[in-house]
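Hello,

I am handing over the structure we talked about, and I would like you to keep it open while you read the notes that follow. Please take your time with each part.

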Amino acid sequence: MNKTLLAALLGALPAAPALASIVQTTGAGSATPAAAHLVYAADFEANTALANPWSEGGLVFSHTGIANDNGGCGYAGEFCVDLAAGESYSQAFSGNYFATAGMNAYLSIRTAARDLNGIEFAVDSGYASINLMWQTWLDGALTGNGRISLGTGGVGDVLGLSDALGFDEVRLYAFDSASDTSGYSVPAIDSVRAFALPEPGSLALVSLAGVGLGVVRRRRTVG
C-alpha cells in the first residue's frame, strides 16, 4: 500500500463532530446507537441491602438526600410494595428500583469504565406528576441539561439520552413542577441500559486492516 493510498484512507475515516449536543428521547430503545455498540445493564434486583453507592453491570449508582429509610419505603422496591400481592411502585418498574428523596436530591449514574454515548432507564417520581430535570457530565464538567414531564406518577416512562461525544455521568432530579430547577426532589429509576460506541482508533485499525487484505488479495489475483 503506497503513502498516497494510505493518506486517502485515513482522510476518509469518519471524524468526530466538532460539537455535539445531548438528544433527549422517550421509550425503550430510543437512545440505542445505530452502529455496533457495547451494552451495560442494571436492574437493582440484588440490592436488597440498600447499598449506596451500588455497582452493577459496569455502572455505579449513588444518591444524595435522605438516609436509607426514605420515609419507610427504602431504596429498593421490595421494601416499598407487596410484590406477592401484585402491587408495583410504577408500571415502568419491575422488582427492586433505586430512588432518593430530599432537598435538591438527585440520583447519579456513572460509568465504571469508558464514556457512554447513550443511556435509557425507566423513571418515575414520588410526586403525583413526573417532572424531571437531568444533567450530563464529562470529566467533572456539565455537558448538557434539560427538563421533561412524563405524565402521572406511578405510571412512569423510559427516558433516553444520547451524545456522540460521550458522557460519564447522568444526574436526575424529580420536582413537583415542570418549571422547577431546585427544591424537594424525589426521583426513582429502574431497568437501566447504557451504550458505548467502539473507540475511533479501533474502528480505524479495523478499516485499514480490511482494505489492506483487499489490496493483497487483488494483487494475488492479478498475479
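A good place to start is Asp 124, whose side chain reaches the backbone nitrogen of Gly 154 at 3.0 Å. Please keep in mind that this is a predicted model. The side chain of Asp 124 also makes a polar contact with the side chain of Ser 90, at 2.8 Å, and the residue itself belongs to strand β8, which covers residues 116-125.

Where is the nearest side chain of opposite charge to Asp 124? That side chain belongs to Arg 193 and is 17 Å away, and Asp 124, although buried, has no salt bridge. When neighbours within four places in sequence are left aside, the contacts of Asp 124 include Tyr 89, Phe 93, Ile 130, Gly 153, Val 155 and Gly 156, and also Val 186, Pro 187 and Ala 188.

Val 186 deserves a look of its own, since it sits in the loop between β13 (184-185) and β14 (187-196). Is Val 186 buried or exposed? It counts as buried because its relative accessibility is 12%, and the cut-off for buried is under 20%. Apart from neighbours within four places in sequence, Val 186 is in contact with Thr 100, Ala 101, Asp 124, Ser 125, Gly 126, Tyr 127 and Ala 174. If you compare Val 186 with Asn 104, you will find them 82 residues apart in sequence, while their C-alpha atoms are 8.8 Å apart in space.

Next, please turn to the nonpolar cores. The largest of them has 29 residues, and those with the most contacts inside it are Phe 61, Ile 119, Phe 121, Leu 132, Ile 189 and Val 192. Phe 61 touches, among others, Ala 42, Phe 44, Pro 53, Trp 54, Phe 98 and Ile 109, as well as Ile 189 and Val 192, not counting residues up to four places away in sequence. A second, separate core has five residues, including Tyr 97, Ala 99, Ala 122 and Ala 188. As background, nonpolar side chains in soluble globular proteins tend to be buried together.

Finally, here is the chain as a whole, which has two helices and 14 strands. Of its 223 residues, 41% are buried, and its accessible surface comes to about 11,000 Å², with 56% of that belonging to carbon and sulfur atoms. Among contacts with a separation of 6 or more, 78% are between residues 24 or more positions apart.

Best wishes

Notes. Residues are numbered from 1 along each chain as its sequence is written. This is a predicted model: local features need pLDDT of at least 70, side-chain atom pairs count only at pLDDT 80 or more; totals for chains, interfaces and linings use all residues. Side-chain values use heavy atoms; hydrogens and water are left out. A nonpolar core is a set of buried Ala, Val, Leu, Ile, Met, Phe, Trp, Tyr and Cys residues joined through side-chain atoms within 4.5 Å. Buried means under 20% relative accessible area, exposed over 50%, partly exposed in between (1.4 Å probe, protein chains only). Contact means heavy atoms within 4.5 Å. Helices (H or I, at least four residues) and strands (E, at least two) are DSSP runs, numbered from the N terminus. Lys and Arg count as positive and Asp and Glu as negative; His and the chain ends are not counted. A salt bridge is a side-chain nitrogen of Lys or Arg within 4 Å of a carboxyl oxygen of Asp or Glu. A polar contact is a pair of N or O atoms within 3.5 Å; within protein, one must be able to donate a hydrogen and the other to accept it, and residues adjacent in sequence count only if both atoms are side-chain atoms. Accessible areas come from the Shrake-Rupley method with a 1.4 Å probe; for residues, only the protein chains shown count as cover.
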